[in-house]
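Please open the structure in a viewer and set the display to cartoon. The tour below proceeds by successive selections.

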Amino acid sequence: MEEITEGVNNVHITAADAHKSNRIQVSNTKKPLFFYVNLAKRYMQQHDEVELSALGMAIATVVTIAEILKNNGLVIEKKITTSTVDVKDESRGRPIQKAKIEILLGKTEKFEELMAAAAEERDVGNGEEQN
């Protein structure tokens, strides 16, 4: 779990992503599920909302991430957009259509409180209990 947190801490947003600094593009092959869950929590601390985006088979992963965050009381769904996009198929040399989903999540009123409680639990679990 520490590697995931470390990876999240080392994420840098490139200039190409600057127009949507609160968007996470999810792949179901590149990173583990909880990498994206933790990244979304981090983005929510910096912004009031986060947009999860995925194509094709990664759509199920995005839905799972959104549900984990919702079930933990951290976010509410603000908007869900589905569409199809043309993606160039390297093997056939012609574009194919892929399903796309974008889920916009906003902070709940208890977001900060729940994140603080989770951080406190982590500190106590690591033997850093405060008296």
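**The hairpin and its sheet**

Begin with the hairpin of S3 and S4 in this predicted model. Six residues lie between the two strands, and Gly93 adopts a positive phi near 75 degrees.

Next, select strand S3 (residues 75–88) together with S4: the two run antiparallel and are joined by 13 bridges. Two residue pairs serve as landmarks here. Val87 stands opposite Ile96 in S4, and Val75 stands opposite Lys107 in S4.

Now add strand S2 (residues 49–55). How many bridges join S2 to strand S4 (residues 95–107)? There are seven, and these strands also run antiparallel. Within this pairing, display Ser53, which stands opposite Glu102 in S4.

Extend the selection to the whole sheet. It is open and consists of four strands in the order S1-S2-S4-S3, with mixed pairing. Which strands form the edges? They are strand S1 (23–26) and S3, each of which pairs on one side only. On average, neighbouring strands of this sheet are turned by 20 degrees against each other, direction ignored.

**The helices on the sheet**

Select helix H2 (residues 33–46), which packs on the sheet and touches S1, S2, S3 and S4. The direction of H2 makes about 170 degrees with that of S1.

Finally, select helix H3 (residues 59–71). Which strands does H3 lie across? They are S1, S2, S3 and S4, and H3 runs at about 10 degrees to S4.

How values were computed. Residues are numbered from 1 along each chain as its sequence is written. This is a predicted model: local features need pLDDT of at least 70, side-chain atom pairs count only at pLDDT 80 or more; totals for chains, interfaces and linings use all residues. Side-chain values use heavy atoms; hydrogens and water are left out. Two strands pair if DSSP finds at least two bridges between them. Axes are lines fitted to C-alpha atoms, for helices over the stretch in contact, and angles run from 0 to 180 degrees between N-to-C directions. Contact means heavy atoms within 4.5 Å.
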